[in-house]
Amino acid sequence: MILRPVPLMTLAAIGLLLIAGPARADARHDAKAEVEFGIDVAQRGLWREAIYRWEKAVEIDPAYAAAFNDLAIAYEHEGQLQKARKAYDKALELDPNNTQIRQNYELFKEINDRTNQGKEKS
Amino acid sequence: MTGRIKGKRSLSLALAALTSLAAAITIACGPDSLEIPIETPITPKLDVSPFQRVLVAGFVAGGSEDVDANQETVRLLRSQLRTKSQLKVIDADVMPLLDIVQEQTKAAATPVIEEPAIVRENVPTPGGQGSTGQGSNGSGSSASAQPMALPKVIKEEKDLEPYERLFANTAYWKKIGEEYQNPLIVTGTVLFVPHTSSGFVQRDQEVMDNFGRRSVRPMRTYMERKGFILRPKFVFIDGRTGATMYSESYREEILYSAQQNTPALSSYFELMDRLVPNFLSALSNQKIKGTRVLLK
């Protein structure tokens with residue numbers, strides 16, 4: 001049996017994969033902590049703080065659909081309907097089969113369509 | 001043989017252990033979603049800051065004879081504005097706009113034709129009257145220079161069209177505005193008509209199976225139904241200039257089973273109840289309550 005030397009590139013790729021995996025998991029873990037804190041404060045009516053937390057969550061993990069969903073709800077509560085729509089769109093893009101996100105979005109659309117001639121609150 | 005049974009047993013034990021572990025994890029971490037009440041603030045469509053007062057003048061109304069849609073609409077909108085807007089509501093007599101338009105037409109020496117069917121053939125299509133909430137800002141001169149025949153009784157939507165020229169009569173509304181110290185003027189048209197419909201309707205029906213268990217199943221049944229259609233158009237006029245600032249039209253309908261005898265007035269209020277938040281959102285801040293699901 002002849003043992004061939006493993007090319008350097010392959011080794012580098014394996015190494016990157018090994019590093020990236022836990023890094024992604026770490027990002028999700030950190031983002032989840034922000035999301036949970038956001039939910040906690042939103043339940044106490046501190047929606048601005050919740051927005052701050054959820055904005056941070058989507059910054060840490062831009063593939064976290066639940067964080068975008070929560071952020072959309074908070075924007076809706078603050079009357080920032082354009083931002084809410086963008087966040088819902090992103091949440092659905094990341095998780096198109098999530099019925100809860102879709103349901104939230106449908107309810108939002110009902111309000112938004114009714115007031116589409118209204119002025120946007122900045 | 002014994003080995004196979006043992007294998008099966010250990011597999012079910014493992015599955016049970018996994019299920020309980022999953023349940024324990026779920027309980028420990030809490031649910032992944034949470035329903036939360038929210039209130040969405042809606043900014044008004046109109047800038048009413050130049051006004052301190054609002055005059056709900058009156059409506060060109062028609063349809064069912066059981067409801068005086070002009071009186072009832074004015075009364076309802078005034079009471080809603082009193083509690084849900086910052087504007088002071090002017091208490092004035094309800095303007096009989098139908099008569100006013102007819103008098104104006106008479107004064108312009110236009111004959112009033114009584115038969116709506118004949119009238120419609122002669123009525124030119126009024127321009128600039130959108131039906132989807134688009135603001136119309138017409139000048140009164142062109143409208144009043146073009147005499148149009150008016151149906152005396154309003155039975156359907158087309159009968160209202162010739163009356164809409166009144167809202168473009170800026171001179172008239174400016175005069176009204178001066179009379180009431182330049183308020184925001186709310187006027188428009190209201191059509192409230194009886195309506196019947198028949199066809200297949202899907203209804204949930206409770207059924208019981210052989211074991212006495214109840215369940216709800218959708219059933220299609222043929223039904224004759226009757227009810228009403230409400231079509232209001234709200235026109236907001238600047239009392240300082242007499243110009244239309246904004247207008248919006250709505251359509252709501254309600255149907256009951258043919259056996260049900262619902263008074264016209266209660267149907268009218270039921271339909272108006274659906275529209276009032278939209279009307280108010282044109283001139284005051286509103287909050288729409290709802291619930292959403294937060295996710296982890």
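Reader: Which residue follows helix H3 of chain A, and is its phi positive or negative?
Author: H3(A) is followed by A:Gly79, whose phi is positive, near 80°; a helix here is a DSSP run of H or I with at least four residues, a strand is a run of E with at least two, and both are numbered from the N terminus. This is a predicted model, in which local features need pLDDT of at least 70 and side-chain atom pairs count only at pLDDT 80 or more, while totals for chains, interfaces and linings use all residues. Residues are numbered from 1 along each chain as its sequence is written, and chains are lettered from A and ligands numbered from 1 in the order in which they are written.

Reader: What span is expected for H3(A), and what does the model give?
Author: H3(A) has 13 residues and reaches 19 Å from its first C-alpha to its last, close to the expected 18 Å, the expected span being 1.5 Å times one less than the number of residues.

Reader: Why is H3(A) described as largely enclosed?
Author: Twelve of its 13 residues are buried, so H3(A) is largely enclosed by the rest of the structure. A residue is buried if 20 or more other C-beta atoms (placed from the backbone) lie within 10 Å of its own, exposed if 12 or fewer do, and partly exposed in between. Among the residues of H3(A) that pass are A:Phe68, A:Leu71 and A:Ile73, and also A:Asp70, A:Glu76 and A:His77.

Reader: How is H3(A) oriented relative to helix H4 (residues 81–94) of chain A, and what justifies the word?
Author: The two helices pack at an angle of about 160°, with their axes 8 Å apart, where axes are lines fitted to C-alpha atoms over the stretch in contact and angles run from 0 to 180 degrees between N-to-C directions. That makes H3(A) roughly antiparallel to H4(A), since angles over 145 degrees count as roughly antiparallel, under 35 as roughly parallel, 65 to 115 as roughly perpendicular and the rest as oblique.

Reader: Which residues of H3(A) and H4(A) meet?
Author: Among them are A:Phe68, A:Leu71, A:Ala72 and A:Tyr75 in H3(A) and A:Ala84, A:Ala87, A:Tyr88 and A:Leu94 in H4(A), contact meaning that C-beta atoms placed from the backbone lie within 7 Å.

Reader: What makes H2(B) and H8(B) oblique to each other?
Author: Helix H2 (residues 69–84) and helix H8 (residues 264–280) of chain B pack at an angle of about 45°, with their axes 11 Å apart; they are therefore oblique to each other. Their contact is made by residues including B:Leu76 and B:Leu77 of H2(B) and B:Met272, B:Val276 and B:Phe279 of H8(B).

Reader: Why does B:Gln181 count as exposed or buried, and what sets the class of B:Asn182?
Author: B:Gln181 has 12 C-beta neighbours inside 10 Å and therefore counts as exposed, whereas B:Asn182 has 18 and so counts as partly exposed. B:Gln181 is found in the loop between helix H7 (170–179) and strand E4 (184–208) of chain B, and B:Asn182 is found in the loop between H7 and E4 as well. Neither is a glycine, yet phi is positive, near 60° in B:Gln181 and about 55° in B:Asn182.

Reader: How many residues bring chain A and chain B into contact?
Author: In chain A 24 residues are in contact with 20 residues of chain B, and helices H1 (8–43), H3 (65–77) and H5 (99–114) of chain A each give two or more residues to that side.

Note on methods:
Contact = placed C-beta atoms within 7 Å.
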